[in-house]
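Colleague: I am new to this one, and I would like to know how each label is earned. Could you take me through it?

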Amino acid sequence: MDDDARSRRATAFGPGAVAYERGRPEYPREALAWCLPDGARRVLDLGAGTGKLTRGLLDLGVEVVAVEPLAELRALIPAAAHALDGHAEAIPLPDGAVDAVLVGQAYHWFDAERALPEMARVLRPGGTLGLLWNILDDEAQPWVAAVADACNAEDRARLVRQAAEPPFHGRADLTDPQRLVVSHAQDLDVEGLVANVASRSTTILLAEAERTALLDRVRELAPAARFALPYLCDARRSRRR
């Protein structure tokens, strides 16, 4: 993906904020806790979106600073967090301000060359960086694979297993990441699944007729009753040297 395409897709989520909040999954508690250092008290959720990951951190009892550049998404972050306008490449926090930086479903939108030094800067020594992705387990059920095919999902287990490269390595400021994969599921109905697909940048950027046809196809593929949409949470944990 070139820089222009990345920027266009990364900034497309504003109009889909409500769909994002309704349709996207939370993060499993096991993965969030694994990403935190012992005794963590203050955590940065970077690229926080509507606060899907923020809520899980609040449930773990830590103070959360949630940084999100898109106002429409930031408006939905829970009031219990301290929400800030900002970017991963210029984090609006002082040096060593947090015990952990967590990133849910957003690292691939960052300019890593600029963002990684910023994430290391705001971490205290020994603090942790956790990168998490919720990935459709398209190998669990045929209908899940059909939905992933219909929307050309990039976040699907089959593709991720084919390209399981570490997000970074060999840095002086951060240790090479460890990996944890956690299976979990999202309880949804048909319209929740439609919201999930509608909230994707590739769907938002479609022409209206194409978008409508895609969402109608998702309705056809989804189970009629409530269902569990299977996910793998792929988590990577690094430590500030």
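Modeller: Gladly! Let's begin inside: the largest cavity holds about 70 Å³ of space. Please keep in mind that this is a predicted model.

Colleague: What makes that space a cavity and not a pocket?

Modeller: A cavity is a set of points where a 1.4 Å probe fits but cannot get out, whereas a pocket is an open set. The search of the whole structure finds 2 cavities of 30 Å³ or more, and the second largest has a volume of about 30 Å³.

Colleague: How do you know which residues line the largest cavity?

Modeller: A lining residue has an atom within 4 Å of a cavity point. For the largest cavity, the lining includes Tyr20, Arg24, Pro25 and Tyr27, along with Lys52, Gln105 and Asn134. Asp155, Asn196, Arg200 and Tyr231 are also among the lining residues. By class there are 4 nonpolar, 3 polar and 4 charged residues.

Colleague: And what lines the second largest cavity?

Modeller: Leu136, Val144, Val147, Ala148, Leu193, Asn196 and Leu229 do. That gives 6 nonpolar residues, 1 polar residue and no charged ones. Helix 7 and helix 9 (190–198) each supply at least two lining residues, and helix 7 has the largest share, with 3 residues.

Colleague: Gln105 was in the lining of the largest cavity. Why is Gln105 called buried or exposed?

Modeller: The cut-off for buried is under 20% relative accessible area. Gln105 has 12% relative accessibility, so Gln105 counts as buried. You will find Gln105 in the loop between strand 4 and helix 6.

Colleague: What is notable about the phi of Gln105?

Modeller: Phi of Gln105 is near 65°, a positive value in a residue other than glycine. Most residues other than glycine have a negative phi. Asn152 also has a positive phi, of about 50°, although Asn152 is not a glycine.

Colleague: Where is Asn152, and why is Asn152 called buried or exposed?

Modeller: Asn152 lies in the loop between helix 7 and helix 8 (157–162). Exposed means over 50%, and Asn152 reaches 60% relative accessibility, so Asn152 counts as exposed.

Colleague: How does Asp95 fare by the cut-offs for buried and exposed?

Modeller: Asp95 has 57% relative accessibility, which is over the 50% cut-off, so Asp95 counts as exposed. Asp95 sits in the loop between strand 3 and strand 4. Leaving out residues up to four places away in sequence, Asp95 touches Arg121 and Val122; touching here means heavy atoms within 4.5 Å.

Colleague: Let's turn to the sheet. How many strands form the sheet, and in what order?

Modeller: An open sheet is formed by 7 strands in the order 3-2-1-4-5-7-6, with mixed pairing. Strand 3 (82–84) and strand 6 (178–188) are called edge strands because each has a single partner strand, so one side of each is left without a neighbour in the sheet. From one strand to the next, the twist averages 20°.

Colleague: How do you know that strand 6 and strand 7 pair?

Modeller: Two strands pair if there are at least two bridges between them. Strand 6 and strand 7 (residues 227–239) are joined by 11 bridges and run antiparallel, so they pass that test. Among the partners in strand 7, Phe227 is bridged to Leu188 and Ala235 to Leu180.

Colleague: What pairs with strand 7 over 9 bridges?

Modeller: Strand 5 does, again in the antiparallel sense. For Ile135, the bridge partner in strand 7 is Leu232.

Colleague: What makes strand 7 count as mostly covered?

Modeller: Of its 13 residues, 11 are buried. Helix 7 (residues 142–150) lies across strand 5 and strand 7, running at about 70° to strand 7.

Colleague: Which residues of helix 6 are buried, and what covers them?

Modeller: In helix 6 (residues 112–122), the buried ones are Ala115, Leu116, Glu118, Met119, Ala120 and Val122. Their cover includes strand 1 (42–46), strand 4 (98–104) and strand 5 (123–136). Helix 6 lies across those strands, at about 130° to strand 5.

Note on methods: Residues numbered from 1 in each chain as written. Predicted model: local features only at pLDDT ≥ 70, side-chain atom pairs only at ≥ 80, totals over all residues. Heavy atoms only, no water. Buried < 20%, exposed > 50% of the residue type's maximum accessible area, 1.4 Å probe, protein only. Helix = DSSP H or I, 4+ residues; strand = E, 2+ residues; numbered from the N terminus. Axes fitted to C-alpha atoms, helices over the stretch in contact; angles between N-to-C directions. 1 Å grid on protein atoms, 1.4 Å probe; cavity = no way out; pocket = protein on both sides within 12 Å on 5 of 7 lines; lining within 4 Å. Points joined across faces, edges and corners; volume = space filled by probe spheres on them. Nonpolar A, V, L, I, M, F, W, Y, C, P; charged D, E, K, R; others polar.
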